[in-house]
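Here is a quick walk through the fold, a helix pair and a few aromatic contacts. Have the viewer open as you read.

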Amino acid sequence: MDSFLISLSTVGIAEIGDRTQLLSLMLAARFRKPWPIIAGILCATLANHAGAGLVGAWLGHLLTPFWLDLAVGLGMIAMALWTLKPDHLDGDDVVRNGNAFLTTVAAFFVAEIGDKTQIATLALAAAYPSLVMVIAGSTAGLLIANAPAVFLGKAFADRLPIASINKAAAILFGLIGLVFLAKALFP
């Protein structure tokens with residue numbers, strides 16, 4: 001259960017203000033069909049995070065506990081620094097034609113490649129033994145952060161203190177990183 005809750009909270013907080021949340025806003029404004037967009041986000045995120053989780057679990061089995069904790073710790077600290085850099089979307093990032101579900105699946109899957117939430121999922125899957133719980137937690141965290149953006153649109157996004165949330169996410173990533181570094185250096 002720890003792996004689920006840590007994945008959910010880490011990804012959920014990191015997703016606020018992320019480019020995929022901005023993408024959710026753009027898709028909601030373009031299609032005005034929240035349920036197909038939410039379904040598309042779910043499918044794309046499950047596929048993307050499952051792939052990241054599988055790679056993370058594979059790496060987790062290859063590394064000794066010292067190197068695994070060290071890699072995850074350093075990775076989380078790098079994520080903390082990355083979170084402080086705000087994301088932006090270019091206008092060309094959304095396909096303009098097609099149905100809401102298929103457009104969302106394609107756009108979200110591509111936008112998540114190399115995204116901080118995908119990398120966090122990879123690192124968490126390497127660190128925790130329950131791959132299913134990590135993927136479920138990271139997917140739920142991403143959905144929890146994006147559903148309000150889809151349903152409430154720009155009015156929701158304009159009222160969030162994105163800079164403060166990004167700082168809180170950076171602190172969370174940094175603390176998790178320090179915990180893993182401490183595990184590596186002081187077993």
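## The overall picture

Of the protein's 187 residues, 46% count as buried. Keep in mind that this is a predicted model. The fold has eight helices and zero strands, so reading from the N terminus the elements simply go α-α-α-α-α-α-α-α.

Contacts reach well along the chain: among those with a separation of 6 or more, 93% are between residues 24 or more positions apart.

## Helix α2

Start with helix α2, residues 19–31. Its 13 residues should span 18 Å at 1.5 Å a residue, and the end C-alpha atoms do sit 18 Å apart, so the two values agree.

Which residues of α2 are buried? They are T20, Q21, L23, S24, L25, L27, A28 and F31. In an α-helix there are 3.6 residues a turn, so residues three or four places apart point the same way. Just after α2 comes R32, with a positive phi near 55 degrees.

## Where α3 meets α6

Now look at α3 and helix α6 (residues 116–127), whose axes come within 7 Å and cross at roughly 35 degrees. The crossing is right-handed.

On the α3 side, the contact is made by N48, H49, A52, G53, V55, G56, A57, L59 and G60. Facing them from α6 are T117, Q118, T121, L122, A125 and A126. Sorted by class, this contact has seven nonpolar residues, eight polar ones and no charged ones. Glycine is counted among the polar residues here, and G53, G56 and G60 are part of the α3 side.

## Aromatic pairs

How many aromatic pairs are there, taking ring centres within 6.5 Å as the rule? The count is three. One of them is W35 with F151: the ring centres are 5.1 Å apart and the planes lie at 65 degrees, so this pair is edge-to-face, the cut-off being over 60 degrees. The pair ties together distant parts of the chain, as W35 belongs to helix α3 (residues 34–62) and F151 to helix α7 (residues 131–159), 116 residues apart. W35 is exposed, at 62% relative accessible area, while F151 is partly exposed at 39%.

Another edge-to-face pair is F66 with W67, at 5.0 Å centre to centre and 80 degrees between the planes. F66 counts as partly exposed, with 34% relative accessibility, and W67 as exposed, with 51%.

Definitions and conventions: Residues numbered from 1 in each chain as written. Predicted model: local features only at pLDDT ≥ 70, side-chain atom pairs only at ≥ 80, totals over all residues. Heavy atoms only, no water. Phe/Tyr/Trp six-rings, centres within 6.5 Å; stacked < 30°, edge-to-face > 60°. Helix = DSSP H or I, 4+ residues; strand = E, 2+ residues; numbered from the N terminus. Buried < 20%, exposed > 50% of the residue type's maximum accessible area, 1.4 Å probe, protein only. Axes fitted to C-alpha atoms, helices over the stretch in contact; angles between N-to-C directions. Left-handed = near helix turned anticlockwise from the far one by under 90°. Contact = heavy atoms within 4.5 Å. Expected span 1.5 Å × (residues − 1).
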